[in-house]
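Pull the model up in your viewer and keep the sequence panel open beside it. We'll begin with a few backbone details and then zoom out to the whole chain.

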Amino acid sequence: MAAAVALAESGLEVTVFESARQPGGRARGVLHGGTQLDNGQHILLGCYRQTLNLIEKVGGNIEDDFLRTPLQLDLNKRFSLKAPRLPAPLHLLAALLGARGIGMKDRIDAISFMSHLKSIHFRLDADIAVIDLLAFHNQSRQLIENLWEPLCIAALNTPMEIASAQLFLNVIRDAFSRSREDSDMLLPRIDFTLLFPRRAASYLESRGGRVFTSCGVESIEPLENAIKVVSKNGGEEFSHVICATSPTVAAKLLGRISGLQETARQIDALQHQPIYTVYLQYPHSVSLPHPMLGLYRRCSQWLFDKGEISGQHGLIASVISAEGLHQELSHEKLAEKVAFEISEEFGIRELPLWHKVIAEKRATFACTPNLLRPDQRTSLPRFFLAGDYTKGNYPATLEGAVQSGLACARLIEAGS
Ligand SMILES: Cc1cc2nc3c(=O)[nH]c(=O)nc-3n(C[C@H](O)[C@H](O)[C@H](O)COP(=O)(O)OP(=O)(O)OC[C@H]3O[C@@H](n4cnc5c(N)ncnc54)[C@H](O)[C@@H]3O)c2cc1C
């Protein structure tokens, strides 16, 4: 959709084929028994500039559409870090110096680590695992457990032991080293389908574009001067095609195109990590101390109070990123466990009225060191790849996906 919006803005006629009933993909609204949920609680950072620009371009208003808070990381009863309203990087320095739950030596070690990263422009000579980088820079176990591990899991959705230090540093650089607003946390007040893809579809249609939903692409066939896209609508020829599916589907589509089997194999080799979101609806009076709160050594990693974020009082979203033992539990047992943790941590005596577990088993690709990601440009002329998994500086995030789509649009505009 990012590519489509950019191309429509330049006056090109765009057609979007979407296999699902609604656009949005891995960031979409889900209606559950009359309550509007998302397929997973998403959080954006202020440094996701391309994504935020795009939402505004299609008619959104960032200040209305999001609950925007300055950087604040709280692990309930264990750790708290809050950035004051100072210019960057002073806001981070003050946040680390004032962090509660770690000793003075840890604060100094974290600050020295950050200044070292700045001195090397957040670039490593060779990519390694996040855990090895932290160990090399004397980050204590407590500092890792309270600060770096929750940040790494939230940013890369990959356990520190196998996560790419370089991709982690790219996010840290963009969030912490430029302006204070870059580290702001933005929580959507409306569901994701409304937030971007539905507006993007209207934007395209108002510029002569077409958006077909429930219309998956079955095959892509290169012709001499065009590329044929086959769907239930039949075959239609286009001058350029961008394949913007998830990596799993892209590998299947590309595997059947002569000359692209190697790229298909490269995409197929990507490993994936899950994200589980457990929604619990409590009576309306139930709330959490903050809109977003981490838990230490619990099954739930982050809790979101949807009452504060989107006015859905009593609704709590628990996010469990990356692989783990929770995957062995039934949805019923997982919801019970999360409810039990919430009652223990916050003394909430009420029981949830209902729950809904959404398990996205292939939520993101595993951001491992030195990962080979396919280029947006393929060996087939006028055929491109967009998506969070393609070549880029970001882990699997909305910003990574948007940057990739915009890169495809630029290549087409430049006459590739
Ligand atoms: C639970 C969860 C939580 C997340 N949290 C965050 C977060 O907090 N912050 C963040 O930045 N990122 C987060 N992410 C990651 C983010 O959602 C993804 O990186 C991003 O949505 C990927 O976008 P994409 O366009 O690359 O792929 P997708 O969103 O997967 O889009 C691919 C589209 O292709 C469609 N499609 C598939 N097959 C076909 C076909 N044959 N023909 C036509 N269409 C087809 C799909 O239906 C889909 O709409 C999260 C992801 C999940 C799952």
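Pro89 sits in the loop that runs between strand β7 (79–82) and helix α4 (90–97). Check the peptide bond just before that proline: Ala88 and Pro89 are joined in cis, with omega at about 0 degrees. Bear in mind that you're looking at a predicted model, and that the angle comes from its coordinates.

While we're on backbone angles, which non-glycine residues have a positive phi? One of them is Asn138, where phi is about 55 degrees. Look for Asn138 in the loop between α6 (130–136) and α7 (141–156). Is Asn138 buried or exposed? It counts as exposed, because just 12 other C-beta atoms lie within 10 Å and the cut-off for that class is 12 or fewer.

Arg297 is another case: its phi is near 50 degrees, again positive in a residue that isn't glycine. This arginine belongs to the loop between β15 (292–294) and β16 (302–305). Arg297 is exposed too, since the count of other C-beta atoms within 10 Å is 8.

Now try Arg207, in the loop linking α10 (197–205) to β9 (210–212). With 17 C-beta neighbours inside 10 Å, Arg207 lands in the partly exposed class, because that class lies between the exposed limit of 12 and the buried limit of 20. If you want a sense of distance, draw a line from Arg207 to Leu380: the two are 173 residues apart in sequence, and their C-alpha atoms are 28 Å apart in space.

Next, the helices. How do α2 (residues 49–57) and α15 (residues 398–413) pack? Their axes come within 8 Å and cross at roughly 75 degrees, which makes α2 roughly perpendicular to α15. On the α2 side, the residues that meet the partner are Gln50, Thr51 and Leu54. Facing them from α15 are Leu398, Glu399, Val402, Gln403 and Leu406. By residue type, this contact breaks down into four nonpolar, three polar and one charged.

Time to zoom out. The chain is divided into three parts: domain 1 takes in 2–67, 188–270 and 373–413, domain 2 covers 71–150 plus 166–183, and domain 3 spans 272–365. Measure between domain 2 and domain 3 over their C-alpha atoms and you'll get 26 Å from centre to centre. The two do meet: six residues of domain 2 are in contact with seven residues of domain 3. On the domain 2 side, the biggest contributor is strand β6 (residues 72–75), which supplies three residues. That side is made up of three nonpolar residues, one polar and two charged.

And the chain as a whole? Its secondary structure adds up to 15 helices and 19 strands. The radius of gyration is 22 Å, close to the 22 Å that the globule rule gives for 416 residues, so the chain is as compact as a globular protein of that length. Along the principal axes, the C-alpha atoms fill a box of roughly 65 × 50 × 40 Å. Of the 416 residues, 45% count as buried. Finally, if you build a contact map and keep pairs at least 6 apart in sequence, 68% of those contacts join residues at least 24 apart.

Terms used:
Residues numbered from 1 in each chain as written. Predicted model: local features only at pLDDT ≥ 70, side-chain atom pairs only at ≥ 80, totals over all residues. Helix = DSSP H or I, 4+ residues; strand = E, 2+ residues; numbered from the N terminus. Rg over C-alpha atoms; globule rule 2.2 N^0.38 Å. Domains from an automatic or database assignment. Nonpolar A, V, L, I, M, F, W, Y, C, P; charged D, E, K, R; others polar. Axes fitted to C-alpha atoms, helices over the stretch in contact; angles between N-to-C directions. Parallel < 35°, antiparallel > 145°, perpendicular 65-115°, else oblique.
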